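Dear colleague,

Here is the structure that I promised to pass on to you. My notes on what was found in it follow below, grouped so that you can read them with the model open beside you.

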Amino acid sequence: MINLELPKKLKASANQAHQVAAQIFRPISRKYDLAEHEYPVELDTMAAMVEGLNDSGQGTAGATLGRDAKAKTEAFGNLNGGNMAGLLNVIETCWGDVGLTLSIPYQGLGNSAIAAVATDEQLERFGKVWASMAITEPGFGSDSAAVTTTAVLDGDEWVLNGEKIFVTAGERSTHVVVWATVDKSQGRAAIKSFVVPREAPGLSVARLEHKLGIKASDTAVLLLDNCRIPKDNILGSPEVNAEKGFAGVMQTFDNTRPIVAGMAVGLGRAVLEELRVILKDAGVEVSYDVPANNQHAAAAEFLALEADWEAAYLLALRATWMADNKKPNSLEASISKAKAGRTGTAVSLKAVELAGTYGYSERPLLEKWSRDSKILDIFEGTQQIQQLIVARRVLGKSSAELK
């Protein structure tokens with residue numbers, strides 16, 4: 001028998017996150033959707049609380065959390081640790097607002113990269129920074145191996161040159177984790193990740209993007225023009241290993257993709273709760289005791305959406321549990337991301353449709369949630385990329401054999 005009941009400790013931290021979502025995020029959600037690029041000052045009050053959660057091992061996806069989870073796992077064996085706490089917390093905060101979740105100080109996607117591949121010394125140095133992630137460039141999107149940003153060692157410093165686009169929290173973060181190649185002739189094996197402080201000479205914000213959704217979050221274009229950082233700011237080993245490829249930097253996705261799946265799960269739950277209230281007000285009751293085809297058509301649609309959501313939730317739990325217990329989870333991470341991303345958009349768009357003109361208006365948050373949901377099916381690897389990864393894993397094909 002599989003017991004899916006969550007430990008009391010995780011329930012407690014998730015409840016705290018839900019209170020934040022309900023009392024802080026929901027009330028200001030529409031405000032910052034309409035005021036794009038305006039910094040949500042209400043989040044400043046959360047910084048101390050987030051740091052306290054991280055120090056107790058109950059935070060989201062930061063580097064401190066990654067270090068604590070690793071230590072506890074080595075000491076006590078298999079357990080639901082940092083990644084699981086992060087997943088449950090992000091489900092709750094994204095129930096409140098996805099854009100505001102992405103704007104929480106010191107909880108950037110770059111923190112997950114640091115947790116995944118940094119050395120113990122680097123975890124100590126970068127454990128409490130706010131790190132964004134800079135991967136995508138004007139010349140590529142989902143093909144992470146196509147990085148053209150360069151990093152050249154000059155004495156005791158790395159010199160970085162290139163342009164990065166669609167960097168979440170790219171203006172507000174204190175540090176940026178930049179993917180760059182140390183030797184173009186070596187292909188993907190030479191791609192490394194570097195921690196670039198905001199004040200590093202040569203790093204600048206070219207512009208902020210206007211977006212379809214998650215408008216509370218800043219999305220930046222960053223320029224690296226002879227940007228200099230210390231030699232030891234390269235994450236992990238600086239050596240180029242042709243056999244290993246860039247598996248080290250790709251480990252980041254094994255941690256972050258289930259978290260993004262959790263974002264979609266949280267948003268999806270918010271949509272379903274709102275939709276059920278709307279249907280009830282319209283006289284449509286959803287029953288679990290009567291076959292769907294014997295109920296109102298809208299109720300049958302709701303049951304199908306809820307079943308999809310439940311599957312996405314369970315797949316996210318599975319991939320995250322594997323990450324916490326040091327089990328290879330690349331396949332499961334991609335499955336959870338693909339399912340949740342697709343479910344989030346399907347649920348939110350169908351809810352707008354079922355709610356009619358009310359759902360299409362700005363009176364409820366349904367139309368906003370439908371806009372926010374799309375990015376969760378795109379960033380951290382598109383739906384198509386996830387399906388490709390799953391196919392390669394299932395069929396035992398390499399990237400060269402199945403493109």
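**Notes on the model**

Tryptophan 158 counts as buried, because its relative accessibility is 7%, and cut-offs of this kind recur below, with buried standing for under 20% relative accessible area. Please keep in mind throughout that this is a predicted model.

**Overall make-up**

The protein has 13 helices and seven strands. Of its 403 residues, 55% are buried. If one takes the contacts between residues at least 6 apart in sequence, 74% of them join residues that are at least 24 apart.

**Aromatic pairs**

Four aromatic pairs are present in the structure. One of them brings together tryptophan 158 and phenylalanine 194 in an edge-to-face arrangement, with 5.2 Å from centre to centre and 70° between the planes. This pair links distant parts of the chain, since tryptophan 158 belongs to strand β3 (residues 157-168) and phenylalanine 194 to strand β5 (residues 191-197), the two being 36 residues apart. Phenylalanine 194 is counted as buried because its relative accessibility is 0%.

Another of the pairs is formed by tryptophan 309 and tyrosine 313, which are stacked, at 5.5 Å centre to centre and with 5° between the planes. Both of these residues lie in helix α9 (residues 297-324), where they are four residues apart, or about one turn of the helix. Tryptophan 309 is buried, its relative accessible area being 13%, and tyrosine 313 likewise counts as buried, at 17% relative accessibility.

**Salt bridges**

How many salt bridges does a search of the whole structure find? The search gives 23, and a few of them are worth following in the model. As general background, side chains of opposite charge can pair when their charged atoms come close.

Arginine 125 takes part in two of the bridges described here. In one, the side chains of glutamate 121 and arginine 125 meet, at 2.6 Å from N to O. These two residues both sit in helix α7 (residues 120-126), four residues apart, which is about one turn of the helix. In the other, arginine 125 is bridged to aspartate 232, with the closest N and O atoms 3.8 Å apart. Because aspartate 232 lies in the loop between β7 and α8 (247-281) while arginine 125 lies in helix α7, this pair ties together parts that are 107 residues apart in sequence. As for accessibility, glutamate 121 counts as partly exposed at 41%, arginine 125 is partly exposed with a relative accessible area of 33%, and aspartate 232 counts as partly exposed at 40%.

A further salt bridge joins glutamate 209 to arginine 207, and here the closest N and O atoms are 3.2 Å apart. Glutamate 209 counts as buried, at 15% relative accessibility, whereas arginine 207 is partly exposed, with a relative accessible area of 44%.

**Around alanine 220**

Arginine 207 also appears among the neighbours of alanine 220, a residue of strand β7 (residues 219-230). Is alanine 220 buried or exposed? With a relative accessibility of 0%, alanine 220 counts as buried. Leaving aside residues up to four places away in sequence, alanine 220 touches Lys164, Ile165, Phe166, Val167, Gly170, Glu171, Val205, Arg207 and Leu208. For one of these, valine 167, the C-alpha to C-alpha distance from alanine 220 is 5.0 Å, although the two are 53 residues apart in sequence.

**Where α1 meets α12**

Helix α1 (residues 8-34) and helix α12 (residues 366-376) have axes that come within 11 Å and cross at roughly 70°. The range for roughly perpendicular is 65 to 115 degrees, and α1 and α12 are therefore roughly perpendicular to each other. On the α1 side the contact involves Arg26, Ser29, Arg30 and Asp33, which meet Glu367, Lys368, Trp369 and Arg371 of α12. By type, the residues of this contact divide into one nonpolar, one polar and six charged. Arg30, Asp33, Glu367 and Arg371 are, moreover, linked in a network of salt bridges.

With best regards

Definitions and conventions:
Residues are numbered from 1 along each chain as its sequence is written. This is a predicted model: local features need pLDDT of at least 70, side-chain atom pairs count only at pLDDT 80 or more; totals for chains, interfaces and linings use all residues. Side-chain values use heavy atoms; hydrogens and water are left out. Axes are lines fitted to C-alpha atoms, for helices over the stretch in contact, and angles run from 0 to 180 degrees between N-to-C directions. Angles under 35 degrees count as roughly parallel, over 145 as roughly antiparallel, 65 to 115 as roughly perpendicular and the rest as oblique. Contact means heavy atoms within 4.5 Å. Ala, Val, Leu, Ile, Met, Phe, Trp, Tyr, Cys and Pro count as nonpolar, Asp, Glu, Lys and Arg as charged, and the others, Gly among them, as polar. Buried means under 20% relative accessible area, exposed over 50%, partly exposed in between (1.4 Å probe, protein chains only). A salt bridge is a side-chain nitrogen of Lys or Arg within 4 Å of a carboxyl oxygen of Asp or Glu. Rings of Phe, Tyr and Trp (its six-membered ring) pair if their centres lie within 6.5 Å; planes under 30 degrees apart count as stacked, over 60 as edge-to-face and the rest as tilted.
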